[in-house]
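Q: Hi! I'm new to this one, could you walk me through a few spots in it?
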Amino acid sequence: TRIKMASGLLWRGTLSRFGPSVARQALFQSAHPISTTPSLSAKFYDSPDDALQGIEDGCTLLVGGFGLCGIPENLIDALQRRGTKNLTVVSNNAGTDGVGLGKLLNSKQVKRMVSSYVGENAEFERQYLSGELEVELTPQGTLAERLRAGGAGIPAFFTQTGYGTLIHEGGSPIKYDGQGNVEIGSQSRESRQFGGRDYIMEEAISGDFALIKAWKADTSGNLVFRRTARNLNPPIARAAKITVAEVEEIVEVGTIAPEDVHVPNVYVQRVFKGLHFEKKIERLTVRKGADQVIAMDPARERIIRRAALEFHDGIYANLGIGIPMLASNFIPKGMTVHLQSENGILGMGPFPTEDEVDPDLINAGKETVTVLPGSSFFASDESFAMIRGGHINLTILGAMQVSQYGDLANWMIPGKMVKGMGGAMDLVASAGTKVVITMEHTAKGKHKIVNKCSLPLTGKNCVDQIITDMCVFTVDAMHGLTLTEVADGVTVEDVEKATGCSFKVAANVTPMPQI
């Protein structure tokens, strides 16, 4: 009687205020109270082998991780035991030789990799160049966004990343014939202008199964990730029909505060608690103390000390592998530089001491690092939203070639060497980011600054400044290079001989300063 009376009062009051449709909805809600018991849609498994039920030959698998950080190592081992073949695997990279996804390459279970980076996996590179493996190389930020879109029901989107490159124009080698000829090339992308800037269309990625690694799951399937082990795991979790989460710990519902959940249980169908985690570190990098002096080649040190002058207080910067990252060692005391790493850090600190090493905390070069007070961690899709959105003020990268109008090539030599573009295409695509290239002026006597790049482009008209061991150029997409600084002992004539294109000379060429 009380329920009927309450319902009647609710009906009459709501009807008089809002009309019949809203009143019916309110009455339905009163008769069907909200459940306070979580829906246990995620199933929990005792072994990784059981958690992989249903994976068959020819499936498309989305696999989390960045390098060896945050990879579902127990699930990968179980997949190797399962022997499933002709797989299409979507992942940032394929581990290293014989580690992580490298195991599946060794056992010839993978037909096609969709990745952003080959890196130092020699077997990955060998199978690709010999024609044994199909590889669809995709910019890292585009890969993250394609996965995010796949999980969000968005079939395609437009991005500046890759415009004017093989990604846009098509023909990027997917499969070689064994003789070094391209047997399968990538398709061209539709392009369109928005606000006077050029964009290309990318299609979403989804998969049959997602294999991810999380730190904790509660008994309803909510997930939490630890530090940079988050990386691509969250967008991958959302983009598959069935998501299998390998976790280190399972806790009761309520242990994880709702605001701390990184992936809600609606995206998670299966959970397995790993019994053993190797957590191998790809590049263990430590410092011996705060005053450690790093020995450097004088020419490289000249580049690094000049590049460090591009920092200013409060800047947000992303530094590439090698020479660019070493510039962070010369940030002046008292200056705050917010270092961003595309695998999911803002506020990156120096290399750790041996006691501080954490396999769940690496930079984009897979080196162990630390973080500073006020830092934050996030997934790869958010990391590249910062980058593409122009929120990063400065990026410093290396190069194989730079053209006189600012075209950049730094990711492959067709048929000979391929490392992948990683996040570089995304980093140079934003109009709001200053792009500085640091490199030796020549390579084995050959020009690296050229009239036109002969290697596949990373970005078109994207470079703002070039810093070499000989000089500094500013770059204008319309008017070309201007020489503004020269190193000690270097003349304008020396620069002319070492440069493979014409350039202007500033009215007041200054000595190349050093921090």
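A: Happy to; here is a short tour of some helices and loops. This is a predicted model, where local features need pLDDT of at least 70, side-chain atom pairs count only at pLDDT 80 or more, and totals for chains, interfaces and linings use all residues. Residues are numbered from 1 along each chain as its sequence is written, and side-chain values use heavy atoms, with hydrogens and water left out.

Q: Cool. Which residues of helix α10 are buried?
A: In α10, which spans residues 298-307, they are A299, I303, I304, R306 and A307. Buried means under 20% relative accessible area, exposed over 50%, and partly exposed in between (1.4 Å probe, protein chains only). Helices here are DSSP runs of H or I with at least four residues, strands are E runs of at least two, and both are numbered from the N terminus.

Q: Why are the buried residues on the same side of α10?
A: Because they cover an arc of only 165 degrees around the axis. That arc is taken from the directions from the helix axis to the C-beta atoms.

Q: And what covers them?
A: The cover includes α11 (323-326), β19 (394-397) and β30 (480-486), among others.

Q: What caps the N-terminal end of α10?
A: D297 does, with a side-chain oxygen 3.1 Å from the backbone nitrogen of A299.

Q: New topic: how do α7 and α12 cross?
A: The axes of α7 (residues 140-152) and α12 (residues 380-388) come within 9 Å and cross at roughly 125 degrees. That makes α7 oblique to α12; angles under 35 degrees count as roughly parallel, over 145 as roughly antiparallel, 65 to 115 as roughly perpendicular and the rest as oblique. The axes are lines fitted to C-alpha atoms over the stretch in contact, with angles from 0 to 180 degrees between N-to-C directions.

Q: Which residues meet there?
A: From α7, Q140, G141, T142, A144, E145 and R148 meet S380, D381, F384 and R388 of α12. Contact means heavy atoms within 4.5 Å.

Q: What about loops, where is K444?
A: K444 sits in the loop between β25 (442-443) and β26 (446-447). Its phi is positive, about 55 degrees, although K444 is not a glycine. K444 counts as exposed, at 89% relative accessibility.

Q: Is G170 buried or exposed?
A: G170 is buried, with a relative accessible area of 16%. You'll find G170 in the loop between α8 (166-169) and β7 (173-176).

Q: What does G170 touch?
A: Leaving aside residues up to four places away in sequence, G170 touches S186, Q187 and S188.

Notes: Polar contact = N/O pair within 3.5 Å; in protein donor to acceptor, adjacent residues only side chain to side chain.
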